[in-house]
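Biologist: Please show me the structure first. I would then like to go through the metal site, the cores, the helices and the salt bridges in turn.

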Amino acid sequence: MSIKILHTADWHIGKQLLKIDFAQDMNLFFDWLISCIEEQNINVLLMSGDLFDQANPSQQAMKQYYYFLKQLLPLNCKVIITGGNHDSPHVINAPKELLEILDISVVGGVPESISELFVTIELEGQKVVVAAVPFLRDKDIRSVAAGESYDDKIELIKHGIATYFSEVNEYYKDNYKGVPFIVMAHLYAQGASVSESEREIQIGNQAGVESSVFGDEPHYVALGHIHRPQMVGKPHIRYSGSPIALSFSEKKDLKAVCILELEGDNFTISSLPIPKFRKLISIKGTVEEVQKEIVNYQSDSPLIDLAEVLIEEENENIEHIRILEELLTTEPQNGLQILKGSIKFKNEVAGTSKLLTKGEDINDFSPVQMFEKRLEQDDSIENSRDFVNAFKEIMEALQSSDSID
Ligand SMILES: [Mn+2]
């Protein structure tokens, strides 16, 4: 008897990109996932954090989540879900005891005792133990000391993360030694290749940990946070990636889930591609070239494809700007919607802005990015990096208190 485990992460239920709601994409993904679990006889589903896009998900997002779980029930698949940096531990944990009855384990935030992270699964004599480690918030892993420098803080966070995982391994060795072992985690591992849509965690990515923090004990590390599927250092330490492209920077990513098959203590790891429900594309060139490409576009996606247009022209021309604005406000054509665009003039008139970006939305920017934009407008600020770091610390303190996202 073998145990089949599916590892996925970063669903970001409720995510919107500009005016596009990804609810339909998630529905199609859930349909695909359900049939995949059924066809492949998956016994365990691991979801490594960022279940929702917002700490306070919309009612529609909650409904979508519970509807998915309901569909899963007849399939006899054990579910383990952890909270990511986007998730509120309280929101994830609220239905914990009810879900437990349905064989769905949720670990929204760091529990009181490490033992609460551990879930064992036994199927006809084949055993596996999972340590469901959620996103580790600053307050979970270190005590704040007055007057510490920014660099001290990064070192303390890294040290705190490493200590936490070594305690997880100690607990495993004391209680489950010899049993195949999976660790779930939601963090930034150094060397991973990122896209634009992962919100920075732990004062930027400077506190990224080395994959060695997981130690020698885990047979597999099921990572979340980075949206591009990849292994980190070793083949058994992996990001499954997000199921759908959540920003234009992910447009070329192949989206996938990881499938592990465990027989005895031998893991076979493979990657299963997820169909693309819509494409995210960039259209580049002069106004004429861009217009031509849009007119000739043909979509074969079930959902409307989304485009960003990047226009580059020799000379500044108000007519070109007008055309871009028009493109951004037209209804989808040939299965394509223009979502955002920018225009650049090579020979700009002195003093005019080099780059005009249209279709940007305040929701596309993190608070830190907005702060950086504000700083850019002020030439008198010299040590802007210090300001940004201080701002990140404030944001993180607020997030740790869990009152805002
Ligand atoms: Mn994340």
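Modeller: Before the helices, one cut-off: a residue is buried when its relative accessible area is under 20%, and exposed when that area is over 50%. The model is predicted.

Biologist: Which residues of α6 are buried, among them one that ends the list?
Modeller: The cut-off for this is a relative accessible area under 20%. In α6 it is met by Tyr150, Lys153, Ile154, Ile157, Gly160, Ile161, Tyr164, Phe165, Val168, Asn169, Tyr172 and Tyr176.

Biologist: What distance does α6 reach from its first C-alpha to its last?
Modeller: The helix has 27 residues, and the expectation is 1.5 Å a residue. The computed reach is close to that expectation, at 39 Å.

Biologist: Which residue just after α6 takes a positive phi?
Modeller: The phi in question is about 95°. The residue that takes it, just after α6, is Gly178.

Biologist: Which element gives the most to the largest nonpolar core?
Modeller: The largest nonpolar core has 51 residues, and Phe118, Phe165 and Leu187 touch the most other members. Phe165 touches Val133, Leu136, Val183, Ala185, Leu187, Val213 and Phe214, leaving aside residues up to four places away in sequence. The element that gives the most to this core, with 7 residues, is α6.

Biologist: How many residues does the second, separate core have?
Modeller: Met26, Cys36, Ile244 and Phe248 are included in that core. Its count of residues is 45.

Biologist: Which protein residues are the donors of the manganese ion?
Modeller: The donor atoms lie 2.0 to 2.4 Å from the ion. Along the chain the donors follow the spacing D-x34-N-x100-H-x38-H. With their atoms, they are Asp50 (OD), Asn85 (OD1), His186 (NE2) and His225 (ND1).

Biologist: How many residues apart are Asn85 and His225?
Modeller: Asn85 is in the loop between β5 and α3 (89–93), and His225 is in the loop between β10 and β11 (230–232). Asn85 is buried, with a relative accessible area of 7%, and His225 is buried at 2%. The pair links distant parts of the chain, and the separation is 140 residues.

Biologist: What is the phi of His225?
Modeller: His225 lies in the loop between β10 and β11. Its phi is positive, in a residue other than glycine, and is near 120°.

Biologist: Where is His12 found?
Modeller: His12 is not a glycine, yet its phi is positive, about 50°. At 2% relative accessibility, His12 is buried. Its place is the loop between β1 (3–8) and β2 (16–17).

Biologist: Why do the buried residues of α7 line one face of the helix?
Modeller: The buried residues of α7 are Val287, Val290 and Ile294. They line one face because, seen down the helix axis, they fall within an arc of 70°.

Biologist: Which residues are exposed on the other side of α7?
Modeller: The buried residues of α7 pack against β15, β16, α8 (318–329) and β17 (336–347). On the other side of α7, the exposed residues are Glu288, Lys292 and Val295.

Biologist: How many residues apart in sequence are the parts that Lys78 and Asp103 tie together?
Modeller: The closest N and O atoms of this salt bridge are 3.3 Å apart. Lys78 lies in strand β5 (residues 78–82) and Asp103 in the loop between α4 (96–101) and β6 (104–107), so the parts tied together are separated by 25 residues.

Biologist: Is Lys78 buried or exposed?
Modeller: Its partner Asp103 is partly exposed at 39% relative accessibility. Lys78 has a relative accessibility of 8%, which is under the 20% cut-off. Lys78 is therefore buried.

Biologist: Where does Lys173, the partner of Glu217, lie?
Modeller: Glu217 and Lys173 meet in a salt bridge at 3.3 Å, N to O. Glu217 is partly exposed at 21%, and Lys173 is partly exposed at 29%. Glu217 is in the loop between β9 (181–186) and β10 (220–224), 44 residues apart from Lys173, which lies in helix α6.

Biologist: What is the relative accessibility of Asp300?
Modeller: Asp300 forms a salt bridge with Lys279, with the closest N and O atoms 2.8 Å apart. Lys279 is partly exposed at 30%. Asp300 counts as exposed, at 64%.

Biologist: How many salt bridges does a search of the whole structure find?
Modeller: Arg228, Glu250, Asp253 and Lys255 are linked in a network of salt bridges. For the whole structure, the number found is 15.

Definitions and conventions:
Residues are numbered from 1 along each chain as its sequence is written. This is a predicted model: local features need pLDDT of at least 70, side-chain atom pairs count only at pLDDT 80 or more; totals for chains, interfaces and linings use all residues. Side-chain values use heavy atoms; hydrogens and water are left out. A salt bridge is a side-chain nitrogen of Lys or Arg within 4 Å of a carboxyl oxygen of Asp or Glu. Helices (H or I, at least four residues) and strands (E, at least two) are DSSP runs, numbered from the N terminus. Buried means under 20% relative accessible area, exposed over 50%, partly exposed in between (1.4 Å probe, protein chains only). The arc is that of the directions from the helix axis to the C-beta atoms. Contact means heavy atoms within 4.5 Å. A nonpolar core is a set of buried Ala, Val, Leu, Ile, Met, Phe, Trp, Tyr and Cys residues joined through side-chain atoms within 4.5 Å. Donors are N, O and S atoms within 2.8 Å of the metal (3.2 Å for Na, K and Ca); water is not among the atoms, so sites may look incomplete. The expected span of a helix is 1.5 Å times one less than its number of residues.
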